[in-house]
Amino acid sequence: MPMFGRDTELKDLRALVDGPGEHGGILIEGAPGIGKSTLVEAAVEAAAVAGVRVLRTAGAEAEQNLPYAGLHRLLYPLRRGFDALPSRQFEALATALGISADTGEPSPYLVGLAALTLLADTATADGTERPLLIVAEDVHWLDAASTDVLAFVARRIDGEPIALLATLREGGSSPLCDAGLTEMRLDGLSDEDATALIDSAAPDLPPSVRHRVLAEAQGNPLALVELPTAADRTEPTQALPLTERLTRAFSARASALPEDCRSAVLVAALNDSDSSAETLAAAGVLLGETVAPEIFAPAVTAGLVEIHSSTVTFRHPLMRSALVASATADQQRSAHLALAEILGATPDRQVWHRAAGTLGPAEEVAAELDGIAERARHSGGAVAALEQAAALSGTPGRRASRLLRAAELAVEAGRRETADRLVDAARTLPLTTEQQATANWLLSEFEDGMRESSSRIGELAALAAAVAASGYPDPALRILWAAAARCFWSEPGPDTRRAVLAVADTFGIPDGDPRKLAIDSIVAPFERGEQVLGHLRALAATTGRDTEVDHFLSSAAYQVGAFDLAANFAAAAAPGFRAAGRLGLLTRALAIQAWSLARVGDLATAAPIAAEAAAFALETGQPFMHASVTAVQAEIAALRGDYPQATALTADAERTGLAAGARPVLATAQLTRGLIALGEGRFDDAFADLARIHDPRDPSHSPGLRAYFLTELAEAAVRAGQHDALAELLRGLEPAAASTPSPALHIGMRYARAVLGGDSADELFTAALAADLSGWPAERGRLHLAYGEWLRRQRRVVESRTHLRTAREIFDALGFAAWSERARVELRSAGESSPNRDPDARERLTPHELSIAQLAAQGLTNREIGQRLYLSHRTVSTHLHRIFPKLGISSRGDLAALLTA
């Protein structure tokens with residue numbers, strides 16, 4: 001049948017097929033029957049003509065609870081290529097698809113990387129490029145695990161000879177909506193095209209019926225084709241939604257089938273497999289007799305199903321839904337139980353059908369669903385199993401526990417709507433103290449509690465104490481950690497901080513426990529700073545630490561201003577999270593590493609780490625982490641002298657930070673504004689921007705971070721003539737400095753005292769430079785610059801040159817453009833010229849290119865780099881071929897010399 005009214009869409013689909021490396025993918029969205037499947041078939045036909053290989057999968061209502069069912073259908077034709085995958089990727093993919101003996105839960109991101117690698121290898125087998133078209137229909141019904149993998153792939157196929165074509169029902173939701181695919185929205189056909197279609201599909205239709213169908217169909221192509229066959233059997237008394245019209249049309253057609261055929265077709269509609277053998281066996285159980293494939297003949301004649309050698313499929317997904325919807329609840333339950341009876345070889349599927357066929361409490365079946373949740377290889381399957389188990393629970397307490405556990409898994413998977421719904425359901429039940437605590441803090445984890453009142457911090461601390469007293473230490477500690485984290489993002493006041501500390505001290509956790517160090521450092525970075533730093537330095541000398549231990553230690557070091565230690569601990573934690581595919585925690589580790597490296601001045605390392613963290617923050621749904629890392633990127637741009645970029649990034653970070661009052665984000669934004677103003681010589685503005693961080697009434701006030709930006713504040717104050725204001729601020733920080741040996745705080749205090757030193761400046765600069773600054777090159781450069789400037793103004797020109805020269809060399813190496821230029825100006829005034837500064841090789845590359853180039857310089861292969869950065873090896877190769885001309889080299893062998901550590 002010809003296609004009407006879709007010329008523009010067909011043109012876009014042909015462009016996708018003709019140039020998959022240029023267009024990425026398309027997501028077709030529209031109402032049921034609007035023509036999504038027809039356009040897909042047109043694209044598949046065009047792919048065949050263009051020599052593009054097609055891999056297909058589709059969502060099915062009956063398979064939504066089977067993790068990786070859709071991915072299995074998509075990748076099974078490529079199974080011979082599994083063995084060529086890197087070992088960790090092979091293990092993850094084989095486990096996900098159930099072809100491995102491993103029963104563990106693979107990381108969805110490792111499965112996604114394995115799928116991407118497999119697809120990229122297939123598209124370039126034997127060095128010959130043969131493009132791929134991935135088709136995923138009805139993604140609103142696709143299981144969550146498969147959808148997550150497809151979204152992961154979709155974000156990374158730019159430049160690959162791979163295109164993705166997906167279809168989504170109007171009003172449906174899917175991670176693919178946020179995966180960078182081009183949206184193709186289908187509306188109803190115009191009156192002219194609708195008339196042409198109905199004349200082509202039903203040329204002998206009586207005029208009265210034709211007019212009614214045109215009015216009812218409202219331009220829906222499937223309705224225009226299907227409604228004529230049912231128009232003489234349906235007489236709706238009122239206008240119905242189109243979906244219901246089509247459902248009635250299909251169910252009316254099914255109502256004319258013989259009873260035994262209707263029963264067999266219902267079993268096929270409820271089966272989570274298209275196996276005709278399974279459906280016939282279950283239909284036999286339901287009917288109490290052996291049945292043959294001929295039982296489907298009337299349904300085939302009616303155009304409802306299609307029978308192949310070993311499968312029974314529905315001609316349109318809506319037909320399957322209509323048949324299920326038109327069956328009574330008893331009929332559906334009986335069909336499910338018949339399927340359960342014949343699925344003994346696949347226990348998990350059997351349990352699902354038993355559950356669907358069970359009415360009322362059934363604790364035995366609920367316990368079996370608990371087992372499925374434990375074995376689930378994706379959190380989406382576990383959530384569905386626990387929710388169904390909750391519905392069959394024998395007591396309200398067990399139901400609440402299962403609902404809350406499901407909600408907890410939904411939070412970990414970033415599924416906000418699901419978690420909201422499950423917690424609301426749990427709250428309708430009588431809850432224990434532990435359950436109430438879990439319900440209260442679960443949902444706020446999505447945004448680190450940012451949109452809650454700060455009074456919630458004290459409530460969480462009290463709940464943690466109550467839960468611990470009830471004999472549940474692990475949940476209590478998780479709740480207390482959530483309370484502590486909120487003390488970082490917001491400012492609850494000293495009383496609340498003391499309350500959180502008091503609860504932490506009652507838990508009996510040793511002071512050196514990494515979790516205790518992290519909580520103490522967030523809640524009381526100055527009061528507990530000395531003991532925290534003592535433990536951190538001792539632990540830094542140990543080896544073989546656990547990944548999560550390093551993560552807690554990096555957080556603690558960051559909070560107490562030991563940014564050199566924080567960067568090292570975060571660098572140690574990141575590989576473990578990366579290898580395990582735990583991208584949510586990897587994002588946080590990378591964010592701490594980038595923030596800390598920028599503070600000590602290692603911009604070349606910080607820039608690509610910050611870029612990767614920002615990308616992962618978006619992908620894993622962590623808006624405040626994304627804002628934090630964006631603020632770090634702004635700081636890096638300001639230090640490099642790229643003020644337009646720094647200004648734009650600061651505005652981006654502030655949009656998120658201001659809306660929720662995220663103090664660390666806003667403090668870092670103000671730091672960047674101060675850096676820009678310093679670089680441009682606007683010293684009054686610089687002081688005003690940086691002083692805001694110290695004002696408790698200002699939203700950018702951060703009690704911890706304010707003490708770690710003193711060098712910039714002191715420089716701005718002295719140049720703006722704000723000596724008295726600076727002295728007053730320093731007096732306010734004296735108690736904190738007396739209670740903690742925080743490196744960042746004391747480095748800043750020594751610098752500030754030196755620039756305010758007057759007659760004692762010489763001695764104070766010398767003392768500041770004598771301190772251990774081996775891990776703080778930027779601070780050492782600033783001290784040399786300030787000391788050199790002071791010496792020159794004291795007419796000690798010869799002495800000044802040594803310090804100014806050292807400052808210039810440090811800032812040149814670090815890429816601090818404005819400070820490098822200031823050192824050159826001062827040297828010229830001291831009678832010494834400086835060579836022009838040539839941009840470092842790192843500065844010629846984007847952060848993403850730099851991360852690839854640095855790994856290549858270390859000798860990693862393209863495949864190894866791809867595994868580290870969650871990219872395909874082809875994408876890595878493409879980037880390297882863009883990098884070489886930028887650096888003036890012709891091979892990766894030259895990278896090591898250019899990108900020295």
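**Notebook: Asp 274, the sheet, Ser 596, the whole chain**

Started with Asp 274, which is partly exposed because its relative accessible area comes to 37%, and the cut-offs put partly exposed between 20% and 50%. Worth noting up front that this is a predicted model.

Next I looked up where Asp 274 sits: it is in the loop that links helix H12 (259-270) to helix H13 (276-287). Then I listed its contacts, skipping residues up to four places away in sequence, and got Ser 310, Thr 311, Val 312 and Thr 313. I also checked Asp 274 against Gly 35: they are 239 residues apart in sequence, and their C-alpha atoms lie 23 Å apart in space.

**The sheet**

How are the strands ordered in the open sheet? I read S2-S3-S4-S1-S5, five strands with parallel pairing. The edges are strand S2 (53-58) and strand S5 (182-185), each of which pairs on one side only. I get an average twist of 15° from one strand to the next.

I then went to the S2 edge. S2 runs parallel to strand S3 (residues 132-137), and six bridges join the two. One I looked up by residue: Arg 56 has Val 135 in S3 as its bridge partner.

**Ser 596**

Buried or exposed, I asked of Ser 596? Ser 596 has 0% relative accessibility, so I put it down as buried; the cut-off for that is under 20%. Ser 596 belongs to helix H30 (residues 583-600). Its side chain reaches back to the backbone oxygen of Ile 592, at 2.8 Å. Leaving out neighbours within four places in sequence, I find Ser 596 in contact with Tyr 558, Phe 563, Ala 566 and Ala 567.

**Whole chain**

Zoomed out to finish. I count 46 helices and seven strands in the chain. The C-alpha trace spans about 105 × 65 × 50 Å along its principal axes.

Does that go with a compact globule or against one, and what radius of gyration does the chain have? I get 32 Å, and a compact globule of 901 residues would be near 29 Å, so the chain agrees with that expectation.

On burial, 55% of the 901 residues are buried. The chain exposes about 36300 Å², with carbon and sulfur atoms supplying 50% of that area. Last look was at contact range: taking contacts between residues at least 6 apart in sequence, 67% join residues at least 24 apart.

Notes
Residues numbered from 1 in each chain as written. Predicted model: local features only at pLDDT ≥ 70, side-chain atom pairs only at ≥ 80, totals over all residues. Heavy atoms only, no water. Helix = DSSP H or I, 4+ residues; strand = E, 2+ residues; numbered from the N terminus. Buried < 20%, exposed > 50% of the residue type's maximum accessible area, 1.4 Å probe, protein only. Contact = heavy atoms within 4.5 Å. Pairing = 2+ DSSP bridges. Axes fitted to C-alpha atoms, helices over the stretch in contact; angles between N-to-C directions. Polar contact = N/O pair within 3.5 Å; in protein donor to acceptor, adjacent residues only side chain to side chain. Rg over C-alpha atoms; globule rule 2.2 N^0.38 Å. Areas by Shrake-Rupley, 256 points an atom, 1.4 Å probe, with all protein chains shown as cover.
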